[in-house]
Amino acid sequence: MTRWEGYVNWRNKPALRGRHGGMLAASFVLVVEILENLAFLANASNLVRYLSQYMHMSPSKSANNVTNFMGTAFLLALLGGFLSDAFFTTYHIYLISAVIEFLGLIVLTVQACVPSLKPPPCDPATLCHEVNGGKAAMLFAGLYLVALGVGGIKGSLPPHGAEQFDENTPSGRRQRSTFFNYFVFCLSSGALIACTVVVWVEDNKGWQWGFGISTVSIFVSIPVFLAGSATYRNKIPSGSPLATILKVLVAASLNSCFSRNSSSVVVKEAAKENKETEAPTNTIKFLNRAIENNPMCSAIECTVEQVEDVKIVLKGLPIFACTIMLNCCLAQLSTFSVEQAATMNTKVGSLNVPPASLPVFPVLFIIILAPIYDHFIIPFVRKVAKTEMGITHLQRIGFGLVLSIVAMAVAAVVEIKRKRVATHSGLLDDATKPLPVTFLWIALQYLFLGSADFFTFAGMLEFFFTETPIRMRSLATSLSWVSLAMGYCLSSVIVSIVNSVTGNTSHRPWLSGTNLNHYHLERFYWLMCVLSVLNFIHYLFWAIRYKYRGTGTTTE
């Protein structure tokens, strides 16, 4: 058997073709993703209630702590990706991170089980005592151990699964694309179980059972992951990608300021001296300065390959920036959309649906859409377009951005309808009674945003993994999770700015008060729609100019 160049097995011996890698190895990763996301979202989706009811925090403080917790977890994906590229394999980072998350969940489970580790129950005769001191330290230690573990898993698990496929063959590239589609499918499957079964258990049987289920889930994921050890091929770490990026930027800057050899001829000669087969490309020409002759310091001497790697990363950053707005739109699904539904008729036949269960809708749409997209839409487009990929990564991301624009427009129209019903029913000033209009109208915006999330998120994962140099793939893929965190932060900033600007006039702020019927939510949604349109135009500017590096993504 021939070796996989640049890959080793779990025993750090050369990985062999035919024995390591492939869909069997990736299938273990998909099962693990269901368990891992179940463990994370089972608590995150309902954590506000735990902090407010059992830790006696105010609603705003509870919401802020949950936002900080989830934002930290997604941002720490960068750390997981960096370590996977620089020092360890994705295999080892997942195992270390899963153990860290497991320890954090044990801390939270023990605290939920032992009454003396929680604040005393509220007494109607006295004020509630918010968690403090050692009890608060235990709570936040558990939460942020979980966040650290989740970050490491998010930064290592997707690239670990994707690197099981041979990118030098058309079948390998198609299988890798299928993997990313089903990765999002499995992520959503775990979320569906977490937001239904486990949330019900937490609300009806106690939080110790909810934390216990999460603890068991992440624990079971470890032997499941280990069961695939004999089939995995693991990329050999190649040093810090951040050091390479920094070295190229510093070398280009210093040589540009101080080097006397400034002609393009010198750059080409330097490329030959570095024994590269090609001269540097003409994109981002400033970075070509990094490979000039006679660098100021030998420590910043760069090769053409390093310069081209950094160019590829920099060209992908505008694409990353354009996805933040979509995640900002997604943030509305867990805030204003739930509040809208709470004012409407939430009965479906004899079943009364809790408004907090609405986030299940986009998850269901993704679970339905992923297999249809992979088994029917993509094969059809491949035949019609006569290309290997059918739909390119950037086309897929762009389609998701368009769907987010439609979703915000639909949300605005539905809100206009909801307020019209409130006016005609004489309930505009009475927010205590449900409006005579079904909450299923809200499901329309969930449908479009859920579909947008599927197209864009899976497209981002595949785009960053395929286009980024192999030495930086885990770090680049983790940007997909960072976009999610930044989108939620941007949503909070936009809401604050809108209230600040509209509150400076003689009118009340658009998004404040206790009665949602007095909000100008439809104007906010139209604003989000306009911002999404501008963001899409910005995206087109970069996407049209982008030239794919990887094989199989361009028209053939």
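**View 1. Proline 371 sits within helix H13 of this predicted model.** The helix runs over residues 360–385, so there is sequence on either side of the proline to follow in this close-up. Is proline 371 buried, exposed or partly exposed? With a relative accessible area of 22%, proline 371 is partly exposed, because the buried class stops under 20%. Setting aside the neighbours within four places in sequence, look for its contacts with Tyr182, Phe185 and Phe376. Threonine 178 is also worth bringing into the frame: 193 residues separate it from proline 371 along the chain, yet their C-alpha atoms are 9.2 Å apart.

**View 2. The loop between helices H10 and H11 holds isoleucine 284.** Helix H10 covers 264–273 and helix H11 covers 304–330, with isoleucine 284 in the loop between them. If you like checking backbone torsions, phi is the one to look at here: it is near 45°, a positive value in a residue other than glycine. Isoleucine 284 has a relative accessible area of 33% and is therefore partly exposed, since that class lies between 20% and 50%.

**View 3. Lysine 386 lies in the loop that links H13 and H14.** Helix H14 spans 393–424. Here too the backbone has a positive phi in a residue other than glycine, with a value near 55° for lysine 386. Which accessibility class does lysine 386 fall into? Lysine 386 counts as exposed because its relative accessibility is 68%, and the class begins over 50%.

**View 4. The largest cavity encloses about 50 Å³ of space.** The structure holds 3 cavities of 30 Å³ or more. Around the largest one you will find Ser177, Tyr373, Ile378, Met389, Ile391, Thr392, His393, Arg396 and Glu462. Which elements give two or more residues to this lining? They are H13 and H14. By class, the lining residues of the largest cavity divide into 4 nonpolar, 3 polar and 2 charged.

**View 5. The second largest cavity is lined by Asn43, Leu47, Phe69, Leu105, Leu108, Leu143 and Val146.** Its space comes to about 50 Å³. Helix H5 (90–113) and helix H6 (133–162) each supply at least two of the lining residues. For anyone thinking about the chemistry of the walls, the second largest cavity has 6 nonpolar residues, 1 polar residue and no charged residues in its lining.

**View 6. Valine 498 belongs to helix H17.** This helix is formed by residues 479–503. Valine 498 counts as buried because its relative accessibility is 7%, and buried means under 20%. Beyond its neighbours within four places in sequence, valine 498 is in contact with Gly503, Trp510, Leu511, Phe524 and Leu527. Methionine 408 gives a further reference point, 90 residues from valine 498 in sequence and 16 Å away from C-alpha to C-alpha.

**View 7. Strand E1 pairs with both E2 and E3.** Strand E1 (residues 3–8) runs antiparallel to strand E2 (residues 14–16), and 2 bridges join them. In this pairing, valine 8 stands opposite proline 14. E1 and E2 form a hairpin with 5 residues between them, and asparagine 12 in the turn has a positive phi of about 65°. Another 2 bridges join E1 to strand E3 (residues 234–235), again antiparallel. There, tyrosine 7 stands opposite lysine 235.

Methods. Residues numbered from 1 in each chain as written. Predicted model: local features only at pLDDT ≥ 70, side-chain atom pairs only at ≥ 80, totals over all residues. Heavy atoms only, no water. Helix = DSSP H or I, 4+ residues; strand = E, 2+ residues; numbered from the N terminus. Buried < 20%, exposed > 50% of the residue type's maximum accessible area, 1.4 Å probe, protein only. Contact = heavy atoms within 4.5 Å. 1 Å grid on protein atoms, 1.4 Å probe; cavity = no way out; pocket = protein on both sides within 12 Å on 5 of 7 lines; lining within 4 Å. Points joined across faces, edges and corners; volume = space filled by probe spheres on them. Nonpolar A, V, L, I, M, F, W, Y, C, P; charged D, E, K, R; others polar. Pairing = 2+ DSSP bridges.
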